[in-house]
Structures are given as structure tokens and as C-alpha cells.
Amino acid sequence: MGIRVVPNETVPSSIYRVLLPHERRVITVRFHPAVLIKPVALALAGLAVAGLLSTIARLSGTVLLVIWLAWLILLIRLLFAILVWLEDYFVVTSQRLLLATGLIRKSVNMMPLTKVTDMRFERSATGRLLGYGTFIVESAGQDQALRKIDHLPYPEQLYLEVCGLIFKDTDTGAGDD
């Protein structure tokens with residue numbers, strides 16, 4: 001048997017609500033935590049700037065209040081990004097690829113496995129370093145909801161698992177003498 005991706009055991013009920021009665025969930029993964037790098041960096045940089053200006057510069061109380069409120073906005077943005085990350089999932093079932101995103105407005109994009117004509121993954125230098133990649137999925141249709149899926153963890157294993165599902169019907173059993 002090939003490499004198996006360990007399924008996420010803390011799948012929210014919102015994922016199970018979109019599954020068809022005859023399909024089973026094969027893989028469910030969150031996006032790689034690298035999606036949080038930018039909001040974390042901005043919040044930390046904002047904290048450093050606000051702290052530096054508060055201790056070194058001789059600013060009025062109103063200006064300091066504005067500076068710290070600006071940092072609070074960065075902190076709220078970070079918390080929102082974390083909540084979104086906790087709710088976004090890439091799901092592979094026995095029948096479909098699903099991308100469930102959104103915190104306030106939930107969106108579920110899907111593509112039947114039978115419609116996938118080509119799939120590849122790409123890894124940037126940063127993606128190789130941090131352990132994430134991008135899936136590029138193509139189908140016979142011109143406009144598809146799941147064309148590019150960024151920041152997927154362990155893309156090699158996911159790729160092998162999905163290819164195994166897509167091509168399971170084409171295995172003729174040759175060589176199984």
C-alpha cells in the first residue's frame with residue numbers, strides 16, 4: 001500500500017453536512033499554517049513599532065492612543081485570520097474534491113473525481129522549506145471552482161492519494177498473477 005495521509009480527526013460537522021449519503025470522507029486537511037505568516041508578522045511588527053514609539057518618542061496621549069488602536073486592528077485581523085484558518089478545509093471523498101471555506105459566509109466548491117482530467121502540484125522554495133504546496137486541477141469544463149488550491153500540507157502524499165482515487169477504475173490488475 002502507498003503512503004497514507006493521516007486524516008484529521010477533528011473535522012467539523014459542517015463538512016459532514018455536505019457529504020452525500022453514498023460517499024465516504026477519505027482525506028480532510030486544513031491549509032498549512034503558513035497562511036498565517038503575513039498576519040502574524042504584521043501584528044508583531046505593529047507591536048514593535050507601537051512599543052518603540054511609546055517608549056522612545058515623546059508623543060501626546062491622543063497620538064499614542066491612535067497608535068495602539070492601529071495595533072489593536074492588526075491584532076483583530078490576526079485573530080480573524082486564525083478563525084478562518086480553523087474553518088477552512090480541503091476534503092477528498094470517494095467521489096469528489098471539496099474546498100470548504102469561509103467563517104461568516106460558508107462556501108463549498110467541489111469537483112467530481114470523474115471530471116478531473118489533469119492534476120499537478122507545485123512547490124515554491126518557501127513551500128519546500130515550510131512543507132506546503134499548490135494543487136492545480138483541470139477538468140473538461142472551461143470554468144472550474146477548484147482550479148488552484150494553495151497552501152496544502154504534504155502535497156506529495158495528497159497527490160498520490162488523490163491520483164489513487166482518480167485512477168482506481170483504470171487498474172486492470174495486470175501483473176497480479
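## Two antiparallel sheets and a shared core

In the hairpin of S3 and S4, Gly 102 takes a positive phi near 105°. This hairpin has 5 residues between its strands. The model is a predicted one.

**The chain as a whole**

The protein chain contains 5 helices and 7 strands. From the N terminus, its elements follow the order α-β-α-α-β-β-β-β-α-β-β-α. The average pLDDT of the protein chain is 85, and 87% of the residues score at least 70. Over residues 1–8, however, the pLDDT is below 50. That stretch has 18 contacts in the model beyond near neighbours in sequence.

Of the 177 residues in the protein chain, 35% are buried. The accessible surface of the chain comes to about 11,000 Å². Carbon and sulfur atoms hold 62% of that surface. Among contacts with a separation of 6 or more, 53% are between residues 24 or more positions apart.

**The sheet of four strands**

One open sheet has 4 strands in the order S1-S2-S3-S4, paired antiparallel. S1 and strand S4 (107–112) stand at the edges. Each has a single partner strand, so one side of each is left without a neighbour in the sheet. On average, neighbouring strands of this sheet are turned by 15° against each other, direction ignored.

S2 and S3 pair in the antiparallel sense over 4 bridges. A hairpin with 2 residues joins S2 to S3. Val 92 has Leu 97 in S3 as its bridge partner. Tyr 89 stands opposite Ala 100 in S3. S3 also pairs with S4, again antiparallel, over 6 bridges. There, Leu 98 has Met 110 in S4 as its bridge partner.

How many residues of S3 are buried? The count is 5 of the 6, so S3 is largely enclosed by the rest of the structure.

**The sheet of three strands**

Another open sheet is formed by 3 strands in the order S5-S6-S7, with antiparallel pairing. Strand S5 (116–122) and strand S7 (148–153) stand at its edges. Each of these has a single partner strand, so one side of each is left without a neighbour in the sheet. Neighbouring strands here are turned by 25° against each other on average, direction ignored.

S5 and strand S6 (residues 132–139) run antiparallel and are joined by 6 bridges. Met 119 stands opposite Val 137 in S6.

**A helix on both sheets**

Helix H5 (residues 155–166) packs on the sheet of S5, S6 and S7, touching each of these strands. The direction of H5 makes about 170° with that of S5. H5 also lies across S1, S2 and S3, running at about 155° to S1.

**The nonpolar cores**

The largest nonpolar core has 25 residues. Which members touch the most other members? They are Phe 90, Leu 97, Phe 135, Val 137, Ile 149, Leu 152 and Val 162. Elements from both sheets give two or more residues to this core: strand S1 (25–30), strand S2 (89–93), strand S3 (96–101), S5, S6 and S7. Helix H3 (61–87) and H5 do likewise. H5 gives the most, with 5 residues.

Phe 90 shows how these parts meet. Not counting residues up to four places away in sequence, Phe 90 touches Ile 27, Thr 28, Val 29, Leu 97, Leu 98, Leu 99, Phe 135, Ile 149 and Leu 152.

Apart from the largest core lies another core, of 6 residues. Its members include Ile 15, Leu 19, Tyr 89 and Val 91.

**Positive phi outside glycine**

Most residues other than glycine have a negative phi. Two residues around the end of S7 have a positive phi without being glycine. The table sets them side by side.

| Residue | Phi | Place | Relative accessibility |
|---|---|---|---|
| His 151 | near 60° | strand S7 | 24% |
| Tyr 154 | about 30° | loop between S7 and H5 | 31% |

Are these residues buried, exposed or partly exposed? His 151 counts as partly exposed, and Tyr 154 is partly exposed as well.

Methods. Residues are numbered from 1 along each chain as its sequence is written. This is a predicted model: local features need pLDDT of at least 70, side-chain atom pairs count only at pLDDT 80 or more; totals for chains, interfaces and linings use all residues. Side-chain values use heavy atoms; hydrogens and water are left out. Two strands pair if DSSP finds at least two bridges between them. Axes are lines fitted to C-alpha atoms, for helices over the stretch in contact, and angles run from 0 to 180 degrees between N-to-C directions. Contact means heavy atoms within 4.5 Å. pLDDT is the predictor's confidence in each residue, from 0 to 100. A nonpolar core is a set of buried Ala, Val, Leu, Ile, Met, Phe, Trp, Tyr and Cys residues joined through side-chain atoms within 4.5 Å. Buried means under 20% relative accessible area, exposed over 50%, partly exposed in between (1.4 Å probe, protein chains only). Accessible areas come from the Shrake-Rupley method with a 1.4 Å probe; for residues, only the protein chains shown count as cover.
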